[in-house]
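Subject: Structure for your files

Hello,

Here is the structure, with the sequence alongside. It is a predicted model. My notes on the packing follow below.

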Amino acid sequence: MHLYCNGEGSPTIVLESGLGEDFTVWAKVQPALSRTTRVCSYDRAGFGWSESQPGMRDSNAIADQLHALLRVAGMVEPVVLMGHSAGGLHIRAYATRFPHDVAGLVFVDASSPPQDQKLPSE
């Protein structure tokens, strides 16, 4: 999968895009954050520069794939995950599955698990 990192420092911030978005959605945010620490954005499987992968596309599967990607990239220290929209669901799943690998969570206008229940039915 495609991973793009810049900046220096710790902890690394990992940016999680919203539903249907690739890493370019962070084009203005990532450079600003990278002035103070290392920041990485990536394309989930099947988006942007990342090829599709077989299997489920739920938040748990996305969290597992991101965890594997960060391990391959050599990121072993806890990271700060920053999720926009549906990305909020994915970073929540990541933190639940890999709590020792997370230094913090930042939700940017993020989705929440019960929000579908609060929408009016048709």
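**Helix H3 and the cores**

Helix H3 spans residues 87-97, and its buried residues are Gly87, Gly88, His90, Ile91, Ala93, Tyr94 and Ala95. What do these buried residues pack against? Their partners are two kinds of element: helix H2 (59-72), and the strands E2 (13-16), E4 (79-84) and E5 (102-108).

Tyr94 also belongs to the largest nonpolar core, which has 17 residues. Val14, Leu66, Leu70, Val79, Leu81 and Tyr94 are the members with the most contacts inside this core. Two or more residues each come from strand E3 (39-42), H2, E4 and H3. H2 gives the most, with five residues. As background, nonpolar side chains tend to be buried together in soluble globular proteins.

Val79 is worth a look on screen. Beyond its neighbours within four places in sequence, Val79 is in contact with Thr12, Val14, Leu70, Asp101, Val102, Ala103 and Gly104. There is also a second, separate core of six residues, among them Ile13, Trp26, Val80 and Met82.

**Aromatic pairs**

The structure holds two aromatic pairs. One of them joins Tyr94 and Phe98, with 5.1 Å centre to centre and 55 degrees between the planes, and is tilted. Are these two rings buried or exposed? Tyr94 counts as buried because its relative accessibility is 2%, under the 20% cut-off. Phe98 is buried as well, since its relative accessible area is 17%.

Regards

Technical notes: Residues are numbered from 1 along each chain as its sequence is written. This is a predicted model: local features need pLDDT of at least 70, side-chain atom pairs count only at pLDDT 80 or more; totals for chains, interfaces and linings use all residues. Side-chain values use heavy atoms; hydrogens and water are left out. Buried means under 20% relative accessible area, exposed over 50%, partly exposed in between (1.4 Å probe, protein chains only). Helices (H or I, at least four residues) and strands (E, at least two) are DSSP runs, numbered from the N terminus. Contact means heavy atoms within 4.5 Å. A nonpolar core is a set of buried Ala, Val, Leu, Ile, Met, Phe, Trp, Tyr and Cys residues joined through side-chain atoms within 4.5 Å. Rings of Phe, Tyr and Trp (its six-membered ring) pair if their centres lie within 6.5 Å; planes under 30 degrees apart count as stacked, over 60 as edge-to-face and the rest as tilted.
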